[in-house]
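This report describes a single protein model from its overall make-up down to individual side-chain pairs. The sequence and coordinates are shown first.

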Amino acid sequence: LVIPFVLFFGFWIKHETPLSDEFLSALWIIKASLIIGIPLYLFTGQYKSLTRYVGSRSLYYLISRNALLVFLIIFFGKLMKLSLPSGGNLIIFLILVSFISGGIRFILRDVLLYFADFKNKNLKKVAIYGAGSSGAQLEASLRFSYDYNVELFIDDDKELWGRSLNDIPIRSINFLELNNQKIDQILIAIPSLKKSKYKKILDKVAELNISILRIPSLSEIANGKLKINSLRPILIEDILGRDEIPPDPLLLSESIANKSILISGAGGSIGAQLARKVLEINPSYLILFEINEPSLYQIHKELKNKYPKKHIYCILGSVSSEKLLETTIKKYNIDLIFHAAAYKHVPLVEENPITGLENNIFSTLNICHVAENLGVKKVVLISSDKAVRPTNLMGVSKRISELIFQAYSIKNTNKYQTCFSIVRFGNVLGSSGSVVPLFREQIYKGGPITITDKAMVRYFMTIEEASNLVIQASALAKSGDILLLDMGEPIFIKSLAEKMINLAGLKVKNNSLDEGDIEIIYTGKRPGEKLYEELLISAKSEKTFHPLIYKAREKFIDSDILLKELKNLKLYLKNFDHDSTFKLLKNLVPEWEQDF
């Protein structure tokens, strides 16, 4: 229908009358263009594209087909010695047939989308933060989702304010503050956004109580894990801490590549993340040592699915078993041990002191003893900031574990000179026992969020950054070193809870006015709990080759004295002699601040 109309209309434009002599002599073109054009369109896919998803590419293909049609008409006319219209008429024909047939498709697309939107009256009204290419791609994707209606773009570039992207206005954040009642969600479409920038954006919109989603990072898109329109909530892990420093590939590979690695406590949060990271660096063997069967099964299944050709083996049992540990190290010729196995939940260890102390202290002693006898090259203890001036038994057990490593680094006289080192850091976001998953669950249930004290402060680090730094620290460490990971600035737990509530698009409930969504309740400090954590005991930290890894020089106990005292401790624990146990612990860790 379009082809005859276009020919008629084109001659009308050119000659101000459609029934010109040139038109009458070229009537054969109508038949020829239909006979040639329809098969051409059919065989080149003109009618296969879905109308509601028509875009610029479809228009380019359409123009190309029409250009080919005009060429074939000219060829046929010359071949048959028929009367051809002037070049101007043919150009007008090409332009009009492309414009009108393309325009019909775009009009139909918009009509379909309009009625689809009309059926979905409860579309979420959203603002896209970022009027760049990623924002444009996201808007194009959302246009066909039938879930969102993009009301405006937000951008920090003043040059863009007042302009539009795909006829959607671009505004400043101040405009959003004045019109926040019109927006249900903010979608951040800046995949390369740094944590510091996230913080600034969140500070700007925190008072608006609008939930925020984000597109994946550039690395997630590049790895094929997620697409540009895979929206997810901004997690507290995305904005806490400083901008991460890319890990040094040489430091990562030095201790891991082509080495046989054993991770104790491989089913725990830190152990599992270390396992994931180690496998990226291509070890010859990875041994997952874990006493908890479900945790071991889960991490082994995950890693084997992702790395089916890697040598990954499971050892189900306790690293306190000397014979099992010896057999494992000999069988796989272990080069490096990451000792992450420990009972770490402060309240549980406080309630079960004998079990907690026995597991944490004597698993460490056993690893050092076996590793020294069998000549393992490196052993790294994963310690905690709770070991610094501890106020709970979990922290005491970690401090004694550090003392054991220091003692073995001094007494170590085997020909292999095993390197015993310690890496100490604070809370890891998202790990079991972290407040983050607890707060997330409490928010999901509608509150309240429970915090022990308004003044409570903690250091936080993402689990990925922690694992990268632990591996790099293992390459830097010399025997006896206590390496500290720079945890950034400490964070008030109250502030953390408020940010998580705001990220969910909710308000903190004000008790006096009974406003808001989620209440924060203060329960009081539990036994053994600190209001703040530290990373140093007394010594000043020294810089290392890595800007986020420091070295502490701290007091230690002579190995003969320590090992003798540990024999006594083992006897006290076996007999459940609490008084003697605590007295001995106080002698070994005089800085322990007891609450009882």
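The following paragraphs treat the overall composition, the nonpolar cores, two helices and the salt bridges.

The model is predicted. The protein has 22 helices and 22 strands, and buried residues make up 48% of its 596 residues. Of the contacts with a separation of 6 or more, 75% are between residues 24 or more positions apart. The protein exposes about 29700 Å², of which carbon and sulfur atoms supply 57%.

In soluble globular proteins, nonpolar side chains tend to be buried together. Here the largest nonpolar core has 50 residues, and those with the most contacts inside it are Ile337, Ile361, Ile400, Ile404, Leu566 and Leu585. Apart from this core lies another, of 40 residues, among them Ala275, Leu279, Val380 and Met487. Leaving aside residues up to four places away in sequence, Ile404 touches Ile361, Thr364, Leu365, Cys368, Leu562 and Leu566.

Helix α3 comprises the 16 residues 28-43; at 1.5 Å a residue it should span 22 Å, and its end C-alpha atoms are 23 Å apart, which agrees. Its buried residues are Trp28, Ile29, Ile30, Ala32, Ser33, Gly37, Leu40 and Tyr41. Just after α3, Gly45 adopts a positive phi of about 85 degrees. A nonpolar surface patch of about 680 Å² is formed by Leu68, Phe71, Phe75, Phe76, Leu79, Met80 and Leu82; of these, Phe75 is placed in helix α4 (residues 56-80).

Side chains of opposite charge can pair when their charged atoms come close. The count of salt bridges comes to eight, including the three tabulated below.

| Acidic residue | Basic residue | Closest N and O atoms |
|---|---|---|
| Glu302 | Arg276 | 2.5 Å |
| Glu402 | Arg424 | 2.8 Å |
| Glu498 | Lys494 | 2.8 Å |

Which parts does each pair join? Glu302 forms its salt bridge with Arg276. Glu302 lies in helix α13 (residues 293-306) and Arg276 in helix α12 (residues 269-280), so this pair ties together parts 26 residues apart in sequence. Glu302 is partly exposed at 35% relative accessibility, as is Arg276 at 27%.

The salt bridge of Glu402 with Arg424 ties together parts 22 residues apart in sequence, because Glu402 lies in helix α17 (residues 393-411) and Arg424 in strand β13 (residues 419-425). Glu402 counts as buried, at 0% relative accessibility, and Arg424 likewise, at 0%. These two residues are linked with Arg399 and Glu591 in a network of salt bridges.

Glu498 and Lys494 both lie in helix α20 (residues 493-503), four residues apart, about one turn of the helix. Glu498 is partly exposed, at 25%, and Lys494 is partly exposed, at 28%.

Key
Residues numbered from 1 in each chain as written. Predicted model: local features only at pLDDT ≥ 70, side-chain atom pairs only at ≥ 80, totals over all residues. Heavy atoms only, no water. Helix = DSSP H or I, 4+ residues; strand = E, 2+ residues; numbered from the N terminus. Expected span 1.5 Å × (residues − 1). Buried < 20%, exposed > 50% of the residue type's maximum accessible area, 1.4 Å probe, protein only. Patch = residues over 30% accessible without salt bridge, like charges linked within 9 Å, V, L, I, M, F, W, Y side chains within 5 Å. Areas by Shrake-Rupley, 256 points an atom, 1.4 Å probe, with all protein chains shown as cover. Salt bridge = Lys/Arg side-chain N within 4 Å of Asp/Glu carboxyl O. Core = buried A, V, L, I, M, F, W, Y, C linked by side-chain atoms within 4.5 Å. Contact = heavy atoms within 4.5 Å.
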